[in-house]
Amino acid sequence: MKRILHHPFFIRLLHWEYWNSRVVYAPLYPLWLWFSIRAKSFFFLTAANPNIRNGGFIMESKKDVYDQLPEGTYPVTCHFEKDTQVADVLIAMQENQLQFPVIAKPDHGERGLGVKKIDNIAELEDYASRIPVAWLVQEYVPYVHEAGIFYYRYPGEAKGHISGIVHKEPVQVTGDGVQTIRQLVHNEPRYILQWPKIREQHAARLADVPGRGEVLVLVPYGNHSRGSKFTDITYKTTQQLTTVVDDICRQMPEFYYGRLDIRYKDWESLERGEYISVIEVNGSGSEPTHMYDPKHSLFFAWKEIIRHWKILFRISKANHRRGVPYISLRRGREEVNAFRRIDALLSAQPW
């Protein structure tokens with residue numbers, strides 16, 4: 001029975017968090033249509049954050065968003081066009097005092113596609129030769145914890161709100177002094193889904209036996225699609241934390257809705273706004289990712305999606321009433337098609 005339940009097909013089948021997003025969202029599309037009719041635009045959400053391309057729904061530039069964050073709250077970041085020579089990248093890194101390891105990522109993209117930790121020049125050369133779009137090199141943030149904090153503020157309000165917090169646990173195994181890394185990975189159904197990439201990236205180490213209590217991070221990215229476990233810790237919301245997040249977000253010009261992915265030293269430091277780094281800002285296309293906690297049902301997820309869509313609709317309508325335009329249907333289709341082309345290019349590479 002264990003062998004059957006640990007087969008990738010049944011892991012996906014029995015856990016809705018691994019289902020295709022179109023399947024998860026399909027029953028809710030009529031509600032989206034109703035919002036669109038009321039707003040007289042299928043792309044009403046593009047008015048949510050007026051200073052971000054398409055409101056952060058699609059095709060926004062990560063570098064442009066970083067530039068709107070308060071100085072010192074995000075990693076040092078360098079932007080490069082496709083086919084930039086590695087020599088030029090190294091010069092820019094030196095000018096910005098960036099040292100290995102660094103994080104490389106596409107300037108447009110989602111689900112962690114194309115995000116890679118780069119440890120040396122050889123890996124940088126390989127990445128530069130394969131990345132098919134404009135990309136970033138970013139300071140590696142060594143803090144061990146990562147959270148996704150969902151934030152919103154209605155236009156005209158003095159203060160914003162936190163509507164969800166997710167803790168992100170990367171793919172990691174804890175040694176017992178007996179089992180190999182291969183065996184430890186196959187003990188956890190979540191990691192079995194990542195096995196092909198783990199096998200490729202850690203082939204030389206899979207027969208190693210980690211010592212008792214030794215923790216090995218195998219995939220150091222806080223993305224659900226790359227194996228991270230998401231745990232809902234919304235209950236840890238405090239006024240102090242809300243004030244810290246609100247202070248960051250209100251310094252971003254007209255930012256009203258989205259999720260901040262933050263790496264931090266420890267929870268106490270996060271609540272004080274110390275030893276933290278905002279590694280990603282997601283706009284109106286954000287999901288309330290705390291819904292992916294394995295303890296939550298699909299019905300809980302639907303409830304959270306609907307709750308956040310209602311907030312998004314109210315914010316977008318309020319901005320539209322004061323002159324923020326929605327993008328046209330034609331422009332929206334062009335942006336979606338452009339994103340799909342980038343997504344296909346990134347998906348074709350073995351990151």
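Rings of Phe, Tyr and Trp (for Trp, the six-membered ring) pair up when their centres lie within 6.5 Å; planes under 30 degrees apart count as stacked, over 60 as edge-to-face, and the rest as tilted. The model here is a predicted one, where local features need pLDDT of at least 70 and side-chain atom pairs count only at pLDDT 80 or more, while totals for chains, interfaces and linings use all residues. Residues are numbered from 1 along each chain as its sequence is written, and side-chain values use heavy atoms, with hydrogens and water left out.

**Exercise 1. Rings**

Task: find out how many aromatic pairs the whole structure holds, then look at the geometry of the pair Tyr 152 and Tyr 154 and of the pair Tyr 264 and Trp 267.

Solution.
- Step 1: a search of the whole structure turns up 17 aromatic pairs.
- Step 2: Tyr 152 and Tyr 154 meet edge-to-face, at 5.5 Å centre to centre with 70° between the planes. Both of these tyrosines are buried, where buried means under 20% relative accessible area, exposed means over 50%, and partly exposed is in between (1.4 Å probe, protein chains only).
- Step 3: Tyr 264 and Trp 267 are edge-to-face too, with 5.9 Å between centres and 75° between planes; both are buried.
- Step 4: now pick out one cluster, made up of Tyr 25, Trp 32, Phe 35, Phe 44, Trp 309 and Phe 313.

**Exercise 2. Charges over rings**

Task: which ring does Lys 236 lie over, and which one has the charged end of Lys 265 over it?

Solution.
- Step 1: set the test. A charge sits over a ring if NZ of Lys or CZ of Arg is within 6 Å of the ring centre and within 35 degrees of the ring normal.
- Step 2: Lys 236 lies over the face of Trp 267, 4.2 Å from the ring centre.
- Step 3: Lys 265 has its charged end over the ring of Tyr 275, at 4.6 Å from the centre.

**Exercise 3. The cores and H13**

Task: work out which element gives the most to the largest nonpolar core, then check the span of helix H13 (298-321).

Solution.
- Step 1: a nonpolar core is a set of buried Ala, Val, Leu, Ile, Met, Phe, Trp, Tyr and Cys residues joined through side-chain atoms within 4.5 Å. The largest has 32 residues, and those touching the most other members are Trp 16, Phe 44, Tyr 257, Met 291, Trp 309 and Ile 315.
- Step 2: the elements giving two or more residues to this core are H3, helix H4 (29-39), strand S5 (145-152) and H13. Helices (H or I, at least four residues) and strands (E, at least two) are DSSP runs, numbered from the N terminus.
- Step 3: H13 comes out top, with 10 residues in this core.
- Step 4: a second, separate core of 28 residues includes Met 59, Tyr 127, Ile 131 and Val 137.
- Step 5: H13 has 24 residues and reaches 34 Å from first C-alpha to last, close to the 34 Å expected at 1.5 Å a residue. That expected span is 1.5 Å times one less than the number of residues.
- Step 6: check the ends. At the start of H13, a side-chain oxygen of Ser 297 comes to within 3.3 Å of the backbone nitrogen of Phe 299; just after the helix, Gly 323 has a positive phi of about 110°.

**Exercise 4. The loop between H2 and H3**

Task: is Glu 17 buried or exposed, and what does its side chain make a polar contact with?

Solution.
- Step 1: Glu 17 sits in the loop between helix H2 (8-14) and helix H3 (21-25). Glu 17 counts as buried because its relative accessible area is 7%.
- Step 2: a polar contact is a pair of N or O atoms within 3.5 Å; within protein, one must be able to donate a hydrogen and the other to accept it, and residues adjacent in sequence count only if both atoms are side-chain atoms. The partner is the side chain of His 224, at 2.7 Å.
- Step 3: contact means heavy atoms within 4.5 Å. Setting aside neighbours within four places in sequence, Glu 17 is in contact with Arg 190, His 224, Tyr 292 and Pro 294.
- Step 4: compare His 15, in the loop between H2 and H3. His 15 is partly exposed, at 36% relative accessible area, and its side chain reaches the backbone oxygen of Ile 11 at 2.8 Å.
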